[in-house]
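Welcome! Let's walk through a protein model together, one question at a time.

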Amino acid sequence: MRSLSSLSAIENWPVPTAAAAVVRRDGTVLGTYGETGRRFRLASVTKPLSAYAALVAVEEGAVELDEPAGPEGSTVRHLLAHTSGLAFDEHRVMAAPGTRRIYSNAGFDALADHIAKATGIPFAEYLRQGVLEPLGMHATDCPGSAGAGAVSTVDDLARFAAELQAPRLLAPETVAAATSVAFPGLKGVLPGYGGQNPNDWGLGFEIRDHKSPHWTGASSSPRTFGHFGQSGTFLWVDPDAGAACVVLTDRDFGEWALPLWPALTDAVLAAL
């Protein structure tokens, strides 16, 4: 374990196993906790990885952000931003595209299907070739849903967190656009935290903005972006702090996490 005393609070979390890392913009790992090479289910922390693969497909010219994809009237951009109108976990249309922020695993599955058809490559393989292999994320794969089916390690996600802060696979302006609000002003439900107005989201990345309650810290900047997963996992990047944090556990998200995750984030930011 590299020293960063703020991470030691994880020792007291009510979880069987956890691992964590804090990563600077230049890729320097400031501190770790636990077995950083252990594989965990990511649940929805899969989405930023899948979104990055989709953006690689955009830059390669295989797809365009504003081409039709998903339900009628929806585009690749809508699917990435949870504004396609698709329901949470089924291919059922609940709203017209661009009118509501409906968090949707089904939307990411539709996105993966669209990219697979456009490229002729199964999406999991496209993700491996386009993102995981170039970043050296050899312990990561996505045998299930593009929205929630990946497994990975803290070591691998630390590499991804460094990429998000100093992009090599994508143009910096592409990442800046993906981590800025898409379709601003839309209401919606942030899973686990209730209704938010607005419920800001980028392209595959949730935006902190001024949401309350939230899984990041009270001292997190509004520009903070990332994702958390139902399997008890999260990854955030705070551009103002010039750092990112990855935490993976093997206890599903629930009441236990509500006070502990923000407290850890605030402690990490204070230590920086």
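**Helices, rings and unusual bonds**

In helix α5, the buried residues are V154, D156, L157, A158, F160, A161, A162, E163, L164 and Q165. The model we are looking at is predicted.

Reader: How many of the twelve residues of α5 are buried?
Author: Let's start from the names, which include V154, F160 and Q165. The helix is described as mostly covered, and the number of buried residues is ten.

Reader: What span should the twelve residues of helix α5 have at 1.5 Å a residue?
Author: Helix α5 runs over residues 154-165. Its end C-alpha atoms are 16 Å apart, and this agrees with the expected span, because the twelve residues at 1.5 Å a residue should reach 16 Å.

Reader: On helix α7, which residues are buried?
Author: Helix α7 covers residues 257-271, and from its first C-alpha to its last it reaches 21 Å, close to the 21 Å expected. Its buried residues are A257, W261, P262, L264, T265, V268 and L269.

Reader: What arc around the axis do those buried residues of α7 cover?
Author: The buried residues are on the same side of α7, because the arc they cover around the axis is only 155°.

Reader: And which residues are exposed on the other side of α7?
Author: First, the buried residues of α7 pack against the strands β1, β8, β9 and β10. Turn to the other side of the helix, and the exposed residues there are P259 and A270.

Reader: How many aromatic pairs are there?
Author: Two rings count as a pair if their centres lie within 6.5 Å. By this rule, the count of aromatic pairs is 14.

Reader: What is the angle between the planes of F205 and F225?
Author: These two rings have a centre-to-centre distance of 5.6 Å. F205 is in the loop between β6 and β7, while F225 belongs to strand β8, so to speak of distant parts of the chain is fair: they are 20 residues apart. Both F205 and F225 are buried. The pair is edge-to-face, and the angle between the planes is 85°.

Reader: Why is the pair of W215 and F234 tilted?
Author: The ring centres of W215 and F234 are 5.8 Å apart. Planes under 30 degrees apart count as stacked and those over 60 as edge-to-face, with the rest tilted. The pair is therefore tilted, because its planes are at 45°.

Reader: Where in the chain do W215 and F234 lie?
Author: W215 is buried, at 1% relative accessibility, and F234 is buried too, at 0%. The pair links distant parts of the chain, 19 residues apart: W215 is in the loop between β7 and β8, and F234 is in strand β9.

Reader: Which residues do ring pairs link into a cluster?
Author: W215 and F234, whose ring centres are 5.8 Å apart, both belong to it. The full cluster is W13, Y193, W215, F228, F234, F253, W256 and W261.

Reader: Leaving aside its neighbours within four places in sequence, which residues is F228 in contact with?
Author: F228 is found in strand β8. At 9% relative accessibility, F228 is buried, because the cut-off for buried is under 20%. Its contacts are S44, V45, P191, Y193, W215, T233, F234, F253 and W261.

Reader: Which ring does the charged end of R38 sit over?
Author: There is a charge over a ring elsewhere as well: K47 lies over the face of F108, at 5.9 Å from the ring centre. For R38, the charged end is 5.4 Å from the centre of the ring it sits over, which is that of F40.

Reader: How many disulfides does a search of the whole structure find?
Author: C142 is buried, with a relative accessible area of 7%, and C245 is buried at 1%. A disulfide needs two cysteine sulfur atoms within 2.5 Å. The number of disulfides found in the whole structure is zero.

Reader: Which residue does a cis peptide bond join to N197?
Author: Another cis peptide bond runs from S212 to P213, and P213 lies in the loop between β7 and β8. In the bond from N197, omega is about 0°, and the residue joined to N197 is P198.

Reader: Is H82 buried or exposed?
Author: H82 is found in the loop between α2 and α3, and it has a positive phi of about 60° although it is not a glycine. With a relative accessibility of 2%, H82 counts as buried.

Terms used
Residues numbered from 1 in each chain as written. Predicted model: local features only at pLDDT ≥ 70, side-chain atom pairs only at ≥ 80, totals over all residues. Heavy atoms only, no water. Phe/Tyr/Trp six-rings, centres within 6.5 Å; stacked < 30°, edge-to-face > 60°. Helix = DSSP H or I, 4+ residues; strand = E, 2+ residues; numbered from the N terminus. Buried < 20%, exposed > 50% of the residue type's maximum accessible area, 1.4 Å probe, protein only. Lys NZ or Arg CZ within 6 Å of the ring centre and 35° of its normal. Expected span 1.5 Å × (residues − 1). Arc of directions from axis to C-beta. Contact = heavy atoms within 4.5 Å.
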